[in-house]
Every structure is written in structure tokens, then in C-alpha cells.
Amino acid sequence: MIPLMTPAERIYCAIDTTDLDHAVKLATALHGTIGGIKLGLEFFMACGTAGYKSIADLGMPIFLDLKFHDIPNTVAGAIRAVMPLAPRIITIHSQGGPDMMQRAANTAREEAAKLSVQRPWVVGVSVLTSLDSDDLSAIGVQDTVEDQVARLAGLAQANGLDGMVCSPKEISLARKVAGPDFKLVVPGIRPAGSALGDQKRVMTPDEAIKAGADILVIGRPITGASDPAAAARAIADSIE
Ligand code: C5P
């Protein structure tokens, strides 16, 4: 039987910085308090695979959030290129379409088997939380954000992805479309009373888990705290 994840294991801390020393210090402090570290474009463009390894060598699972979006062949090549890093979760854009999603899922499976590393979850970004219905309309999508998210959740599942990234507001909708095994990776999480920053549609960690989130992506409420490990522990404790 697959062991259930503890609240702490569901938390991935987003370390968004170009400063490798700072990232290593933060990840070292957080070791043992949360499920893993999310490294995104800002970190990876500055610190590359060497920087990635400095964090991964600390022993925590890594969510490599590079949001691949290109023709299927190029996305497959990018996935092959990062598989030796053995990330636990990787992201692609669902708007890349069915073929791209299938190639991404198949490539991750084949390459993981070839390298004898754990197969990562391949997760599709749905509609970026920075976009609203007017932005979708400007690029020719006449549906509401909710309808587009529901469509992409169904497509992602039908084309072999393990789950999707969605805002807290879309958790129940995505769950309804894609069922209980589809992994929902959710940023826009704010503990009660903490600063919103640029996040608009937020939920508390406990609300998001109750709504059906699998993984909570939390950055500044942890990285900006004077004691990041204590902040992470308090967040885990706030989840019933
Ligand atoms: O600091 P904060 O908790 O807002 O960090 C959230 C993380 O999740 C950041 O790395 C951000 O880029 C990412 N993210 C997001 N909204 C999305 C996708 C990713 O906030 N739709």
C-alpha cells in the first residue's frame, strides 16, 4: 500500500533566487521540516544544473518547475536532458496540446526506466494565475478561466499527465473533472494573517488541503520568515 503523505510532506518550498549560497542556506535550514524544494526558472537560469545538484545533494525531493512549452520533439528532448537530475515533479504547459503532453509523459517514463531513477510526476500548468478572462480573450480563447482550466484538466488526464498546477480557487473544479488520483499542485497559499504579496486568489494551507490539494507550493511565507524552519513547521502544524 502507498503510504499516505503527512501534512509536512505535502509542502514544497519555492526558493526563487539567483543566489546559490542563499538557496543552499535556506534548503539546509528546511531539511526535515517539509516534503521538498521547488526550483524554478529564476534559480535554474542563474545556477544551472550545478546549482540544482548543490540543492538536491542536501537530500530533499526537488520539484523542477521549468514549465516546458514547445513542439513535442523539443519538449521530449528537454525532459531527457533533465532526467539525470532525478526530479520528483516536473512541469510542462498543458496549452502545448495533446501530442506534446503524451510525448512528455512517455519520455519521462522511458527515460526514468533507462536511468533507473524514480519516474517524476509530469504535471501540466493550466491557465497561469496572472491571466484573467480578458487576457484569454486577447489571445483568442473565448472561454472563461474556469472552463479553460476544466478543459485542460480533462486533456491532461486523457493524455497521460500525472496532474496539474492550479490555483486554490480551481481545486474542486479540477478534482471533479479528473478524479481522485490526479495530482493537484497548488501555489497561491498563504497562512492566515501573512502578507499576500502579488498573490490574489489565495487559500490557507488547511483550506487548500481540505479542498483536495495534493502538494502545496509555498514561497515567501517561508523564505521571508526570520526563522524559515519554524515558519514551515507552523504551517505543517496548521494543517489538520
Ligand atoms: O512566494 P509564493 O508563495 O507566492 O511563491 C509561489 C511559487 O509558485 C512561486 O515560485 C511562483 O512562481 C509559483 N507559481 C505561482 N502561480 C502559478 C504557478 C507558479 O505562484 N500559477
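Here is a short chat about cysteines and strand β8 in a predicted model.

In this predicted model, local features need pLDDT of at least 70 and side-chain atom pairs count only at pLDDT 80 or more, while totals for chains, interfaces and linings use all residues. Residues are numbered from 1 along each chain as its sequence is written, and side-chain values use heavy atoms, with hydrogens and water left out.

Me: How do you know that Cys 13 isn't in a disulfide?
Reply: A disulfide needs a pair of cysteine sulfur atoms within 2.5 Å. The closest cysteine sulfur to that of Cys 13 sits in Cys 47, 15 Å off, so that's too far for a bond. Cys 166 is in no disulfide either, with the sulfur of Cys 13 as its nearest, 19 Å away. The count by this rule is zero disulfides.

Me: Why is Cys 166 called buried?
Reply: Buried means under 20% relative accessible area, exposed over 50%, partly exposed in between (1.4 Å probe, protein chains only). Cys 166 comes out at 2%, so buried it is. Cys 13, at 0%, gets the label because of that value too.

Me: What makes β1 and β8 a pair?
Reply: Strands (E, at least two residues) and helices (H or I, at least four) are DSSP runs, numbered from the N terminus. Two strands pair if DSSP finds at least two bridges between them. β1 (residues 11–14) and β8 have three, in the parallel sense, with Cys 13 opposite Ile 218 in β8.

Me: What makes β7 and β8 a pair?
Reply: β7 (residues 183–186) and β8 share two bridges, also parallel. Val 185 has Ile 215 in β8 as its bridge partner.
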